[in-house]
Structure formats: C-alpha cells, structure tokens
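User: Could you walk me through this model? I'd like short answers with the reasoning spelled out.

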Amino acid sequence: MKLIADGILVTPAGPVRGDLVLDGGSIADVVPGGVASRDGFDEVYDASGCYVYPGFIDAHTHMQCWTGMDWTADSFETGTRAAACGGTTTIVDYATQDRGTTMPDALAEWHRRADGTCTANYGFHMAIAEWNNETKADIPAMFDAGVTSFKTYFAYDHLRLPDDQMLDVLETIRPGGGILCVHCENGDLVDSLQRRVFDAGVTGPEGHPMSRPAICEAEAISRLMYLAELSGARVNVVHLSTALGLEAVEAAKARGVDVCVESCPQYLILDDTCFLEPDFQGAKYVMSPPPRKPHDRSVLQDALVDGSIDTLATDHCSFNLFGQKDRGVGDFRKIPNGGPGVEHRPALIQTLFADELGPEDFCRLMSENPARVFGMYPEKGRLAAGSDADVCVWDPSVAWTISVKNQHQAVDYTPYEGFEARGMPRYVFVNGELAAENGEPTGAKPGRYVPRHAGCEPRRVDDGPEVP
Ligand code: URP
Ligand code: ZN
Ligand code: ZN
C-alpha cells in the first residue's frame, strides 16, 4: 500500500487536509487529519504543501494520427508520457473512421497504435467521416467497446458530414446516452475565404485567421444547437474560441438544449497577433479554430470563471515547425493545422487563474467534469475510496519557465515558450504506479485503455460541494 501523506486533498466535498491511501490500482481510503500510524505502508510520499487532485483528464487529443496533411509529431508513447509529466493521467483521443473504412476498423487501428505504449490512460472518441446504413449499424458495437462519445466535423473536406447526416448521427446515439462532439466551423465559408485571402496576395500564416473569422465558428455552433434541439441529443462544442460562439451556446441553453462546452488554453492565453511573428514563426499557432481577438480571449476567460465553460482540454495535435509546418511557406493553406499542449495545460491554467479559481475549480474543469461528461465518473475524476488510483500531487510553490528545452512533447516548439509557470506536479500516479516525479517521467508505462459508459451532467459552479 502507498500513503500520500499530509496534503490538501481535493475531494468532492471540498479541500481537506489529510492522507490518501492507495492499494494497487484503487484509492483505498481518504483520511482527513491523516492516518493514525504510518507503519505497514510500503511507500510514503510527502505531499506537504501540495494539493492532491484526482488525476487530470484531457478529453481532446490527436496522437499518432494522419490529419489529412501530415502525421502528428507525438505518438501515443511520447504524448501520454508528456501528459503524465504535466499531471494528466488520462487522455481521450479521437480515433477517426476514414472514408471507406468502418468504425470497428478504426477502433482496432487506434488500439494497435496505443496499446502497451502509454504512460497515461487513454480512451477513444470515434470521429465519423462517412455515414450510411452500414456505418450506422456499427454504433452499438462502439458502445459495447466503451466508446460512448462521437465526433463530427462541419469543416475539412475529407471529414465533414452534411446536416441531414449529422441529425441522423444525433438521433442514433441518443438512446444509448451518447454525446456528439462537434468541430464547429462552416467549411464552405472557410474554403471560399481561404481562396479569397490567398488570391488577394496574403500567403503567410496571418492568412489563417483572416480566412476563419469568428462568424464561421458562430454560424456552425448555432446550426449545431438547432440540430441538437431537433434531436434531443446531448452535444459538446469542442475548442470554443469566440465570444460570438458563446452567445449562440447561451441562447441554446436558455431554450433547454443539452449542451456542454469545452475550451482550450490557447483561446484563453493567445490572441491573433501571434500570427504576425516574423520569419514564418506565426505558423506555430496555425490551428483551427485560430487564437482570436483579445476581446474573445477576455470573454472566454470570464466564461471560465463564471462556469459557462464545462471542461478544459487541449486539442493537442502537434506538428514540428521544421519539416512539417514549413511545408506551408508561401501558402498558409498547406500548413498542417494543430499545436501541442497536453503537457502544459495544468500549469498554464493554474498559473493564469490562480487569483480567480480555487483547487475545487481546477478539479471540476480538468478532472471531474471530463470524467462526468465522457462516462468515466466516479471511477475517475474524484478522490474517494473505490475510485481509480490516478492522482496528481500538485506543488503550487514551484516556479519554472515553460520551454521547448524542458518539455517532453516530441515537437520542436511550444506555443507557450517563456511562460512563467507557478506549480508543478511533485508526484503523478497512474493506476497506482508512480509515472512522473517533479515533471520528469519515471519510465513506467501503466497507462491502460479506459472503456467508458454513458456520461452524466457536468458539475456546474452553483452546484456546490457533493454531500457525502
Ligand atoms: O487545428 C486543429 N485543431 N487540428 C486538430 C483537428 C481538430 O480540428 O480538432
Ligand atoms: Zn476540431
Ligand atoms: Zn481536435
């Protein structure tokens, strides 16, 4: 048995000082005030001065994946190792059914890529690129395999589905309690604006945000809200980036639409001036949607604090600047879309929101709510006896600088170079095994596939602590 001693335990009932007991892959006990004696424990880990969180969950990643332009730089092996170094013990990655293949094929392929290589746990959403009677018939097999969340795209030629098919997807997954995550950008508009911007002579990375204005996102979100309303199914707006998009969500919520909202650190930290960095450095931030105007960023920061955003993920989708993104020199449309972040999300958010959010909020946004929404709660996302021993012992006093030089993400830059972070995981346990210590991997690979059940309501800010 392992004892995590004398930390502030971030429990569903609120933070409390005490000890946590791990037995194999499970939490055996949460002991406010601490255990009577440390005798009999095989290992004791000092958590004094630290918050002890249920391991953080990043429910939006793309590891070891062909995105239509290139393969991502991070494999499951490097990506989950980096995740664990930063305090994330579970990712939910987007397995993708390419056209001409089936969902079971895609799921088997994602298992082949991930199984046996992972430091952090991993589940899979299923992205649907082709919808017909045959692919539709595979949905029950997905639920049986623990895939209860799906994704569709309104953009990207090789992925997007028309509205009628999207409605059918929603109606098909609803009875099993499935949730549809949707990439909300109007693809037709983006395609035509890209041509316009390029033909007008803008060829550099600054053309990327110019061709994907906020309206492209807001229109698609608003369309999704009506499709969700029509079907009665639950949807998750992924990587929300605009104030206008948030307005569409809020209007839908007021009509009773069942919608969850995800945003990512890049939309809370960066803005579109990053695309003006000289010497093609702006390509580092080419991701879709792009970082937005300072106004959008500040509206989303407020939304995070007031609870309008339910979960924080990263959309980790890494490409090297040299050898991958630089393929788009002279034509921004050829820059692979996506950026890294899985390692740095907890440090970025806890540093940036140290004055506005408390430990129970960080827990809600990065652990409990992803577990609830994506069908992993109460096994994950809570510190309680019987839950999985995925734990992050977070030392808020460590000051350090985020840099490509000290990161574990297998990519040649970080969008947060030079960010002065406050806080680092002292210990990270995955299924009860020590996976990282002081931000460095131990070499263990305890990550396992997480089959998921139907999700439940996220915790909202006014819900208050759970009554034991
Ligand atoms: O640019 C991005 N985000 N690439 C990853 C795929 C997606 O859109 O989620
Ligand atoms: Zn997306
Ligand atoms: Zn994504």
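Here are some questions and answers on this chain.

Analyst: Residues are numbered from 1 along each chain as its sequence is written, and chains are lettered from A and ligands numbered from 1 in the order in which they are written. This is a predicted model, where local features need pLDDT of at least 70, side-chain atom pairs count only at pLDDT 80 or more, and totals for chains, interfaces and linings use all residues.

User: Which residue does UniProt list as N6-carboxylysine, and is that residue buried or exposed?

Analyst: The UniProt record, an unreviewed entry, puts that modified residue at Lys151; positions there follow the numbering used here, feature names are shortened, and annotations may be inferred rather than shown by experiment. Lys151 sits in strand β9 (residues 149–153); strands are DSSP runs of E, at least two residues, and helices runs of H or I, at least four, numbered from the N terminus. A residue is buried if 20 or more other C-beta atoms, placed from the backbone, lie within 10 Å of its own, exposed if 12 or fewer, and partly exposed in between. Lys151 has 23 C-beta neighbours inside 10 Å, so Lys151 counts as buried.

User: What does Lys151 touch beyond four places in sequence?

Analyst: Contact here means C-beta atoms, placed from the backbone, within 7 Å. Leaving out residues up to four places away, the partners of Lys151 are Tyr94, His125, Ala127, Ile128, Cys181 and Val182.

User: Which helix gives the largest share of the largest nonpolar core?

Analyst: A nonpolar core is a set of buried Ala, Val, Leu, Ile, Met, Phe, Trp, Tyr and Cys residues joined through C-beta atoms within 7 Å. The largest one has 128 residues, and Leu224 is among those with the most contacts inside it. Its largest share, eight residues, comes from α8.

User: How far does α8 reach from its first C-alpha to its last?

Analyst: The helix runs over residues 214–231, 18 in total. The expected span is 1.5 Å times one less than the number of residues. For α8 that expectation is 26 Å, and the helix comes close to it, reaching 26 Å.

User: Why does Tyr51 count as buried?

Analyst: Tyr51 lies in strand β5 (residues 51–54). Its contacts, neighbours within four places aside, include Trp394 and Pro396. Tyr51 counts as buried because its C-beta neighbours inside 10 Å number 22.

Conventions. Contact = placed C-beta atoms within 7 Å.
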